[in-house]
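Q: Please take a close look at the open sheet in this protein, and set out how its strands are ordered and paired and what lies in the loops and helices connected with it. A careful, connected account would be welcome.

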Amino acid sequence: MESNIRRISNFLNKINQNKSTNENISKNITPVEELTPTQKNHYREMLDSFFKILDEEKIERLEDLVKIKPKHKGYVDVTFVCYLVTKFVKPNFMVETGVARGFSTYATLSAMEKNRKGKLFSIDYPTTYQDVGWLPRGKFDENWVLIIGKSKDKLPELLDKLGQIDCFLHDSEHHYKNMMFEFKQAWKHLRKGGVIICDEPTNAFYDFIKEVKPSSSFTIPSRIPEGIIIK
Ligand SMILES: C[S@@+](CC[C@H](N)C(=O)[O-])C[C@H]1O[C@@H](n2cnc3c(N)ncnc32)[C@H](O)[C@@H]1O
């Protein structure tokens, strides 16, 4: 089991090893447009086997995510956090900003499929990735809506249409102003007990927590940490 986890984590880390800046991504990672359908399926199969391993984790409360962290290192973090949070919360509606190839999207939609409920609304303003969301596309189209545009333009309208949401993932532009804007928007529409996931929490994450005083909040330490806020 442990070696399986390591094999899959290594695989995902390898393809994401240069994630830290958009510049690095465009220089060092094979442009997604060049992947063949077989290669794309290989990514999906790897993720599916990763989720099977995660299905064995016992999560009684979201804070337990901190305990299982040491097994899964690297960029796989946002993927496994989205998968486990979605399985735990069983959202009707979830909104995410920042799709790129769609690891978080694929993870969320996989968990929704297991939950037999849920719709995911994703917003991305393509910068590096032209083929935004290729991982989930074709497999999970029924429960997924992709909106192209900047979160500052698209998020308020989407949230107004949805009314209430159960989960929100911030993984777009990690600048203070943008993060604060997204958190505040999401918070207005997040139900009590709903969850915000924040990839790479920075000052905005901690300032927002001070401001809204949620019922719980914590970070999962890792090379790229994940922040969790529970309303
Ligand atoms: C770190 S990647 C997202 C990774 C993705 N969540 C995953 O798990 O594969 C960030 C994405 O945010 C998008 N983005 C950047 N600024 C944005 C903005 N203002 N609004 C919406 N999307 C934005 C970029 O185009 C990029 O695809």
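A: What follows starts from the sheet as a whole and then takes up its strands, loops and helices in turn.

The model is a predicted one, and the protein in it has nine helices and seven strands. An open sheet of seven strands runs in the order β3-β2-β1-β4-β5-β7-β6, and its pairing is mixed. The edges of this sheet are formed by β3, residues 144-148, and β6, residues 216-220, each of which pairs on one side only. From one strand to the next the twist averages 15 degrees.

Strand β1, residues 93-97, stands between β2 and β4 in that order, and five of its five residues are buried. The cover extends to both faces of β1, since Phe-93, Val-95 and Thr-97 are buried on one side, while Met-94 and Glu-96 are buried on the other. The neighbour β2 runs parallel to β1 and is joined to it by five bridges; within this pairing, Glu-96 stands opposite Ser-122 in β2.

Towards the other edge of the sheet, the order of strands ends with β5, β7 and β6, and here the pairing can be followed through two antiparallel steps. Strand β5, residues 190-199, is joined to β7, residues 226-230, by five bridges, and the two strands run antiparallel. Among the facing residues of this pair, Ile-196 stands opposite Ile-229 in β7, and Asp-199 has Glu-226 in β7 as its bridge partner. On its other side, β7 is joined to β6, again antiparallel and by five bridges, with Thr-219 having Gly-227 in β7 as its bridge partner. Strands β6 and β7 form a hairpin, with five residues between them. Of the five residues of β7, four are buried, and this strand is thus mostly covered.

The loop between β1 and α6 holds Ala-100, a residue with a positive phi of about 50 degrees although it is not a glycine. That value deserves notice because most residues other than glycine have a negative phi. Ala-100 is buried, because 24 other C-beta atoms lie within 10 Å, where 20 or more are required. Ala-100 is also one of the residues that come nearest to the ligand, together with Gly-98, Phe-103, Ser-104 and Ser-172, out of 21 residues around it. The elements that give two or more residues to this shell are α6, residues 103-115, and β2, residues 119-124. By character, the shell around the ligand divides into eight nonpolar, eight polar and five charged residues.

A second residue with a positive phi, Glu-200, has a value of about 55 degrees and is likewise not a glycine. Glu-200 is found in the loop between β5 and α9. In contrast to the buried Ala-100, Glu-200 is partly exposed, with 16 other C-beta atoms within 10 Å.

Another loop, the one between β2 and β3, contains Asp-131, which is also partly exposed, because its 16 other C-beta atoms within 10 Å fall between the limits of 12 and 20. Asp-131 and Arg-101 are 30 residues apart in sequence, yet their C-alpha atoms are 7.2 Å apart in space.

Two helices can be considered alongside β5. Helix α8 covers residues 176-189 and helix α9 covers residues 203-212, and they pack at an angle of about 35 degrees with their axes 9 Å apart. The crossing of α8 and α9 is right-handed. In this contact, Tyr-176, Met-179, Met-180, Phe-183 and Trp-187 in α8 meet Asn-203, Ala-204, Phe-205, Phe-208 and Val-212 in α9. The residues of the contact divide into nine nonpolar, one polar and no charged.

Two totals place these parts in the setting of the whole protein. Buried residues make up 41% of its 231 residues. Of the contacts in the protein with a separation of 6 or more, 77% are accounted for by residues 24 or more positions apart.

Key: Residues are numbered from 1 along each chain as its sequence is written. This is a predicted model: local features need pLDDT of at least 70, side-chain atom pairs count only at pLDDT 80 or more; totals for chains, interfaces and linings use all residues. Two strands pair if DSSP finds at least two bridges between them. Axes are lines fitted to C-alpha atoms, for helices over the stretch in contact, and angles run from 0 to 180 degrees between N-to-C directions. A residue is near a molecule or strand if its C-beta atom, placed from the backbone, lies within 6 Å of it. Ala, Val, Leu, Ile, Met, Phe, Trp, Tyr, Cys and Pro count as nonpolar, Asp, Glu, Lys and Arg as charged, and the others, Gly among them, as polar. A crossing is left-handed if the near helix is turned anticlockwise from the far one by less than a right angle, and right-handed if clockwise. Two residues are in contact if their C-beta atoms, placed from the backbone, lie within 7 Å.
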